[in-house]
Amino acid sequence: MEPQLLHSVTDSVATVVIHHPAKRNAMTAAMWRALPPLLGTLAADPDVRALVLTGEGGTFCAGADISTLQGSPDEAQRLAVHAEEALAAFPKPTLAAVRGHCVGGGSQLAAACDLRFAEEGALFGVTPAKLGIVYPASSTRRLAALVGPAATKYLLFSGELIDTERALRTGLVDEVLPEGELGKRVAEFTRILVGRSQLTQAAAKEFANGRTDRDGYWAEQARGSGDTAEGVAAFLERRQPRFTWTTSG
């Protein structure tokens, strides 16, 4: 099978799989190009309420396919940044499910997700210093917002790989699961996500990401959505709420 991004939607959760096992799921130029339109399609699908990004088999993503850097490194970086920004802008909750190596462009994609769950034994690294590449400003700022300036400098200055214990301690990952338990936990957690209010999630995502010009918009959405009334009624009636506000609505 050619290197590609596979996707499926089950129980309101979209799963995107980085599939290039011959090169530890390294991202080719074609795969970088394919990600933004795929995300656009999934974002517009009212059946999709959350998205999981993962890699085929026992590796998340070993980064960019180095052969793509031989022609035009600037173009390769532009494609990666465009894909990263599209993932960061996805309007619904996103979760990276990480096994094995999550390096270079793989870490770039994982950092663009809202949350990162990893299996014990996973390794993380941001490696442009090994290739003499200036890491993109937007990607550096995103990483620093996630793990802090000191950890960002450690990763970028050295290009060294860190284990799940250190990744958890620095905030690069949110949960670490024993071997064989990652899929079960991701399925369990995404079931929780799809049952919650999309209104709450969408507003929280914008606020947490630093957007400051839509406070009034979200206040208006809350007043007109009916989600609050439904949530309170469901709580009092001891039933699951049926929230109706959607990002595509």
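The following dialogue sets features of a predicted model against their definitions.

Tutor: This is a predicted model, in which local features need pLDDT of at least 70, side-chain atom pairs count only at pLDDT 80 or more, and totals for chains, interfaces and linings use all residues. Residues are numbered from 1 along each chain as its sequence is written, and side-chain values use heavy atoms, without hydrogens and water.

Student: What makes strand 6 and strand 9 a pair?

Tutor: Two strands pair if DSSP finds at least two bridges between them. Three bridges join strand 6 (residues 115-119) to strand 9, and the two run parallel, so the definition of a pair is met. Strands are DSSP runs of E, at least two residues long, and helices are runs of H or I, at least four, both numbered from the N terminus.

Student: Why are strand 1 and strand 9 at the edges?

Tutor: The open sheet has six strands in the order 1-2-3-4-6-9, with mixed pairing. Strand 1 (4-10) and strand 9 (175-177) each have a single partner strand, so one side of each is left without a neighbour in the sheet.

Student: Why is the space lined by Val-147, Ala-151 and Tyr-154, among others, called a cavity?

Tutor: It is called a cavity because, on a 1 Å grid over the protein atoms alone, a 1.4 Å probe fits at its points but cannot get out; lining residues have an atom within 4 Å of a point. About 50 Å³ of space lies in this largest cavity, a volume being the space filled by probe spheres set on the points, which are joined across faces, edges and corners.

Student: Which helix gives the most to that lining?

Tutor: Helix 5 does, with three residues.

Methods: 1 Å grid on protein atoms, 1.4 Å probe; cavity = no way out; pocket = protein on both sides within 12 Å on 5 of 7 lines; lining within 4 Å.
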